[in-house]
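Colleague: I am new to this structure and would like the reasons behind the labels. Could you take me through them?

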Amino acid sequence: MIPIAKPFLGAAEADAARAAVLSGWVSQGPQVAAFEAEFAALVGAPHACAVSNCTTALHLACQALGIGPGDEVITVSHSFIAGANAIRQTGGIPVFVDIERTGYNISVAAVEKAITGRTRAILCVHQIGMPCDLEALLALGRQYGLPVIEDAACAIGSEIRIDGRWEKIGKPHGDIACFSFHPRKVITTGEGGMLTTRHPDLDAKFRLWRQHGMSISDVQRHASSQIQFEDYPERGYNYRMTDIQAAIGREQLKRLDDIVQKRRAIATLYHRMMADIPGITLPVEPDWARSNWQSYCIGLDHAIDQRSLMQALLDRGVASRRGIMCMHLEGAQADVPLRHPLDRSVEARDHSILLPLFAQMTTDEVRRVVNTLRAEVLFLLLAPRPPADPPAAVAS
Ligand SMILES: *Cc1c(COP(=O)(O)O)cnc(C)c1O
């Protein structure tokens, strides 16, 4: 069985977790501080604040920008549901816009059409690791005085050419970028998230709110020779990352370049080996973007039934996932008013699949995926079958 993804973890991460446990400091402490400094240096950001996951990062980002009840945040429906949930946690209203004609990223033209007097921010997504057109979005943000939050959950190690220079996503180019260290992403701490920003005042808010709104941290109190009483000037949350996670994250950061390089090599193999398969559309990397290939998504002609193809692949030992979800089609967001067309988002969800891609994948495994896909696509194109019965509950 070739899985859809596999975290790249080894003895170095296990040893680091062990050392953190044996140090006696397991909650947010020196390892978290070191992880933040190393992450900031890696992406080129002045500030990086670690949190419990990317969803809490997105929530803090929205709150720090002052999003509150009735405020509109323009974003895509075609993304993981955490984005809209985070906006709504502040009382804000997601305004869903469509994706571009090619690829799976937000349409800048659609964003501009969606701006109203109640718009307070743009939440863009670097979907499955492919940078969205940030330069155009930032220009729009400047023109309308709107902050830009980047959902960079999948985009650790992805790069973008801005003002003629190649830079890492998270530098940050927008006002805040939010990353995830879930095992489905390119590097992992089990669960974990990171906020990067160039604004010191926003970074200070993240740090205050992630630990209950407490004025001084455990580390400061522990290190002080004077008795210190904390106070709680603002309502906060417990969104902390643990030192065990951060210790693992520091080892993962050392592997990032290698992991991304391997993923890019696999994506290149996929492009080359699948170029002659009829009925599918390969992902396109704009000349100003370098993806980390967190996922490899192919489009399917309507003659190829998505579920039948996925089942056929599974029967032959190749895992796949359907295209990226559309939040507006889920019960959780059913009460969000829809004001803009979302046809391309729905089209992409229902007529694309994600293929296995992980750094440890061998050339033989890549070949097996491609050959299996080719055979099943040709079979479906030549002998179309009725779609398989949907199971009662679909696990993602
Ligand atoms: C994974 C993901 C998230 C959520 O990240 P968690 O760390 O699991 O909270 C948010 N947005 C996007 C686009 C994602 O892919």
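Colleague: Where is the place of threonine 196?

Modeller: This is a predicted model. In it, threonine 196 sits in strand E9, residues 193-197.

Colleague: Why is threonine 196 called buried?

Modeller: Its relative accessible area is 0%. Buried means under 20%, so threonine 196 is buried.

Colleague: What is in contact with threonine 196, leaving aside its neighbours within four places in sequence?

Modeller: The residues in contact with threonine 196 include Phe39, Val43, His47, Gly170, Pro172 and Phe179. For this label, heavy atoms must lie within 4.5 Å.

Colleague: Which backbone oxygen does the side chain of threonine 196 reach?

Modeller: That of glycine 170, at 3.0 Å. The cut-off for a polar contact is 3.5 Å, so this pair counts as one.

Colleague: Now the ligand. What makes aspartate 151 a polar contact of the ligand?

Modeller: An N or O atom in the side chain of aspartate 151 is 2.7 Å from a nitrogen atom of the ligand. The pair must lie within 3.5 Å, so it qualifies. Serine 180 has a polar side-chain atom 2.7 Å from a ligand oxygen, and for asparagine 53 the distance to an oxygen atom of the ligand is 3.5 Å.

Colleague: How much of the ligand does the protein bury?

Modeller: Taken alone, the ligand exposes 380 Å², and the protein buries 91% of that.

Colleague: How many residues surround the ligand, and of which class?

Modeller: There are 13, with Cys54, Thr55 and Lys185 among the closest. By class, six are nonpolar, five polar and two charged.

How values were computed
Residues numbered from 1 in each chain as written. Predicted model: local features only at pLDDT ≥ 70, side-chain atom pairs only at ≥ 80, totals over all residues. Heavy atoms only, no water. Near = heavy atom within 4 Å. Polar contact = N/O pair within 3.5 Å; in protein donor to acceptor, adjacent residues only side chain to side chain. Areas by Shrake-Rupley, 256 points an atom, 1.4 Å probe, with all protein chains shown as cover. Nonpolar A, V, L, I, M, F, W, Y, C, P; charged D, E, K, R; others polar. Helix = DSSP H or I, 4+ residues; strand = E, 2+ residues; numbered from the N terminus. Buried < 20%, exposed > 50% of the residue type's maximum accessible area, 1.4 Å probe, protein only.
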